[in-house]
Amino acid sequence: KADQVLTGEEIQDLDKDYVMHSWSKQGNKALAIEKADGIYFWDYQGKRYTDMSSLLVCTNLGHNNKEIINAIHEQVDKMAFMAPAYATEPKAKLAKMLVDIAGDNYSRVFFTNGGAEANENAIKMARMVTGKSKILSRYRSYHGASLGAANASGDPRRFAAESPAASGFIKFFDPYIYHEKIKFADEEEATNYYLHQLEEQIIYEGPNAIAAILLESITGANGVIIPPEGYLQGVRKLCDKYGILMICDEVMAGFGRTGKMFAFQHWGIEPDLITFAKGVTCGYVQLGGVIVSDKVSKYFEDNVLQCGLTYSGHTLACAAGVASVNYYFEHQILDHVNEVGQYLGEFLEGMKEKHPCVGDVRYIGLFSALELVKDKATREPLVPYGTPNNIMSTIMGKLKEKGFSTFGRENNINICPPLIITKEQLLETLPILDEVLTWVDQTYLF
Ligand code: PLP
């Protein structure tokens with residue numbers, strides 16, 4: 001019955017029998033979660049987990065944030081939803097706030113329900129504005145699960161959407177220096193190498209056929225790959241040179257995660273389109289969107305924007321967005337991230353020194369990953385790319401057993417806690433990671 005209160009066990013059983021879970025074979029028992037607060041959540045046995053990944057890198061302001069919750073309550077009492085054709089206070093306010101955050105040369109926002117739809121619509125806009133069709137994106141990327149976004153994604157989650165593929169999606173290599181066979185003298189040399197490769201590819205693909213280069217400003221799910229100095233500026237220049245639009249996917253890296261509101265702002269560039277989701281509402285209500293530059297916006301003053309969604313600019317979601325964005329500023333979250341992020345960075349460097357299984361650590365703000373290897377000297381990954389195995393899920397399970405919840409792909413463990421985490425909470429939780437890495441050294445390295 002709908003009003004029956006279920007036990008944790010009953011919830012798990014119902015879920016197991018009726019719910020389809022993402023990216024997995026069906027029929028497994030999922031952990032039932034009863035409540036969440038701050039950086040923690042609890043199961044029905046009362047066991048506490050520290051959320052060291054902000055769930056899927058979205059609960060940037062933690063769980064149960066009263067300011068966001070109150071804004072949702074106030075809005076739902078007034079008007080839960082109004083159709084996209086109408087103007088509403090939360091939608092109008094949030095659009096202006098986002099345009100202001102993006103920089104001087106942005107004009108408007110198209111709202112979606114999440115990150116995949118944001119990229120899907122950015123791709124459509126780029127094709128409409130340029131009249132060209134090819135989209136260049138990178139192998140180590142994830143842009144969402146819908147057809148276009150999945151075909152733009154590089155990681156193996158794209159394969160099911162690639163058969164048959166949507167057309168016009170071309171991949172290039174990431175500046176993944178740690179795994180490059182060439183040993184660069186410095187970042188500048190690496191940047192020049194990758195930009196040269198990209199320019200060659202643009203020429204071979206035909207600049208007159210390429211609508212956009214779509215890239216995560218900092219690769220997230222595929223191992224927090226931070227571009228070398230000059231790389232994003234170089235991509236921007238190539239886009240300008242060849243009449244290609246630049247789309248920065250800020251779905252994961254945006255909203256304070258890296259110590260700036262948007263990650264591309266570390267390099268002083270201005271993409272033509274910015275896609276966002278996750279941290280805009282911290283997941284309290286689902287929301288995403290595309291922030292467009294003056295140039296793109298101008299095009300759609302004379303041409304019809306062929307994009308639309310029943311829930312574009314959902315009233316309740318935008319109210320949650322206004323409260324979240326306010327919170328980032330009123331509580332100086334960026335300063336806090338930059339301060340606490342230093343401790344995280346120092347800790348991760350310590351892990352690299354101490355553990356033979358930690359090949360590389362990459363971090364910026366509270367966005368970080370540890371890359372696990374079999375052999376530090378050869379950099380052989382602990383698990384080969386794209387190969388089914390249960391090693392990483394066992395490691396994640398070990399962490400969870402000890403109350404440390406996070407995720408990772410391939411041979412990476414992502415550490416991306418809520419941005420409100422204190423130094424004390426961080427220092428209290430990270431020793432669990434140290435313990436589990438010792439277990440990894442002893443179990444998988446020989
Ligand atoms: N882009 C990036 C960089 C992401 O990390 C994700 C999701 O993790 C997406 C897009 C897709 O967002 P959504 O799951 O909201 O569709």
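Which residue does R409 form a salt bridge with, and how far apart are the closest N and O atoms? The views below start from that question; the model is a predicted one.

**View 1. R409 reaches its partner, D155.** R409 and D155 form a salt bridge, and their closest N and O atoms sit 3.4 Å apart. That distance counts because the cut-off for a salt bridge is 4 Å. Between domain 1 and domain 2 the tally is 1 salt bridge. Polar contacts add to the picture: 20 residue pairs make them across this interface, with both residues at pLDDT 80 or more.

**View 2. Two domains share one chain.** Domain 1 comes in two stretches, 31-64 and 333-444, while domain 2 covers 67-330. Going by C-alpha atoms, their centres are 25 Å apart. Zoom in on the boundary and you find 39 residues of domain 1 in contact with 41 residues of domain 2. About 3100 Å² is buried between the two, and carbon and sulfur atoms give 59% of that. On the domain 1 side, F367, R379 and R409 lose the most area to domain 2, together 23% of what that side buries. So R409 turns up here as well as in the salt bridge with D155.

**View 3. Here is what domain 1 brings to the interface.** The polar contacts just mentioned number 20 residue pairs, both members at pLDDT 80 or more. Elements giving two or more residues to this side are helix 2 (54-57), helix 11 (333-354), strand 11 (358-364), strand 12 (367-375) and strand 15 (412-415). Sort the residues of this side by type and you get 20 nonpolar, 13 polar and 6 charged.

**View 4. A sheet of 4 strands stays open.** The strand order is 1-2-3-14, and the pairing is mixed. Strand 1 (33-37) and strand 14 (404-405) are the edges, each pairing on one side only. Strands of a sheet pair through backbone hydrogen bonds, either parallel or antiparallel. Strand 1 and strand 2 (residues 40-43) run antiparallel, joined by 4 bridges. One pair to look for is D37 with its bridge partner Y40 in strand 2.

**View 5. Two backbone oddities sit in loops.** Most residues other than glycine have a negative phi, and most peptide bonds are trans. The bond from S163 to P164 is cis, with omega near -5°. P164 belongs to the loop between helix 6 (147-152) and strand 6 (169-172). Q332, a residue other than glycine, has a positive phi, near 45°. Look for Q332 in the loop between helix 10 (315-330) and helix 11.

Key:
Residues are numbered from 1 along each chain as its sequence is written. This is a predicted model: local features need pLDDT of at least 70, side-chain atom pairs count only at pLDDT 80 or more; totals for chains, interfaces and linings use all residues. Side-chain values use heavy atoms; hydrogens and water are left out. Domain bounds come from an automatic or database domain assignment. Contact means heavy atoms within 4.5 Å. Buried area is the accessible area (1.4 Å probe) that two parts lose on being put together, summed over both. A salt bridge is a side-chain nitrogen of Lys or Arg within 4 Å of a carboxyl oxygen of Asp or Glu. A polar contact is a pair of N or O atoms within 3.5 Å; within protein, one must be able to donate a hydrogen and the other to accept it, and residues adjacent in sequence count only if both atoms are side-chain atoms. Ala, Val, Leu, Ile, Met, Phe, Trp, Tyr, Cys and Pro count as nonpolar, Asp, Glu, Lys and Arg as charged, and the others, Gly among them, as polar. Two strands pair if DSSP finds at least two bridges between them.
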